[in-house]
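Subject: Structure handover

Hello,

Here is the structure I promised to pass on. Please open it alongside this email.

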Amino acid sequence: MSDAVVAEGLTVLRGGTRLLDRVSLRIATGEFLAVLGPNGAGKSTLLQTLPALIACTGGLTVLGQRLDRLSALKRNALRRRIGYVPQLQSRPSPVLPLCVREVVELGCLDRPARVALALEETGLAALAERPYHVLSGGEQRKVHLARALAGEPELLLLDEPAGHLDLRWQEWITQWLGRLWRRGGLTVIMVTHD
């Protein structure tokens, strides 16, 4: 089995502070990895390095591509193979009035059938034209999951996917992710406190 992620001596510096210090890990294709740790341990930073959202030093290979050897164009192509769901932030501003469908389309602009399927799989089809900023936290998490999945990623990065949600939403997301992963082929890295 091939590796989805190989990190060797991965280090992230920001403002003179080491957010990650010589992290090494190997994640097999098709593996489901939970990254546990307290606040400030570098879990989110680790996830952000994998789609090259933040700069790092050391060796990092993602989906067979060595990140430090990729042009900007090839990095963008690699990112299309990765689904990334960041932590739930504070309520979005209605200044950017996107509806649910439009947010999910950001995951794959050229495949409306994939968007429709992602909306259906996450139970969001009935909310497709609702403004994103009026959704509950649980519904927003589902929108971000649908957006990440619409592009049919090979690697799914989840940062606290059930964070700040009530028990019902936590159970739904956990069970849904388990079913999705068991279908096969998808590598999942999930940061969680739980």
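Below is what I found, taken strand first and then the helices.

One point before the details: this is a predicted model.

**Strand β8**

Start with strand β8, residues 187-192. Of its 6 residues, 6 are buried, so the strand is largely enclosed by the rest of the structure. The cover is on both faces. On one side sit T187, I189 and V191, and on the other V188, M190 and T192; all are buried.

Two strands pair with β8. Strand β3 covers residues 32-36 and runs parallel to β8, with 5 bridges between them. Look for V35 in that pairing: V191 of β8 stands opposite. Strand β7, residues 155-159, is also joined to β8 by 5 bridges, again in the parallel sense. There, L157 has I189 of β8 as its bridge partner. Both V191 and I189 belong to one face of β8.

**Helix α5**

Next, helix α5, which spans residues 137-150. The helix has 14 residues and reaches 20 Å from first C-alpha to last. That is close to the 20 Å expected at 1.5 Å a residue. The helix is mostly covered, with 13 of the 14 residues buried.

Q140 is part of this helix. Is Q140 buried or exposed? Its relative accessibility is 2%, and the cut-off for buried is under 20%, so Q140 counts as buried. Its side chain has a polar partner: the backbone oxygen of L135, at 3.3 Å. Just after α5 comes E152, with a positive phi of about 50°. Worth a look when you check the backbone there.

**W181 in helix α6**

Last, W181. This residue lies in helix α6, residues 167-182. W181 has a relative accessible area of 29%. Buried ends at 20% and exposed starts over 50%, so W181 is partly exposed.

Which residues does W181 touch, leaving aside neighbours within four places in sequence? The contacts are G30, E31, F32, L186 and V188. Two of these tie back to the strands above: F32 falls in the range of β3, and V188 is one of the buried residues of β8. A113, by contrast, is 68 residues from W181 in sequence, and the two C-alpha atoms are 21 Å apart.

**In short**

β8 is buried on both faces. It pairs in parallel with β3 and with β7. α5 is mostly covered, while W181 of α6 is partly exposed.

Over to you.

Best wishes

Technical notes: Residues are numbered from 1 along each chain as its sequence is written. This is a predicted model: local features need pLDDT of at least 70, side-chain atom pairs count only at pLDDT 80 or more; totals for chains, interfaces and linings use all residues. Side-chain values use heavy atoms; hydrogens and water are left out. Buried means under 20% relative accessible area, exposed over 50%, partly exposed in between (1.4 Å probe, protein chains only). Helices (H or I, at least four residues) and strands (E, at least two) are DSSP runs, numbered from the N terminus. Two strands pair if DSSP finds at least two bridges between them. A polar contact is a pair of N or O atoms within 3.5 Å; within protein, one must be able to donate a hydrogen and the other to accept it, and residues adjacent in sequence count only if both atoms are side-chain atoms. Contact means heavy atoms within 4.5 Å. The expected span of a helix is 1.5 Å times one less than its number of residues.
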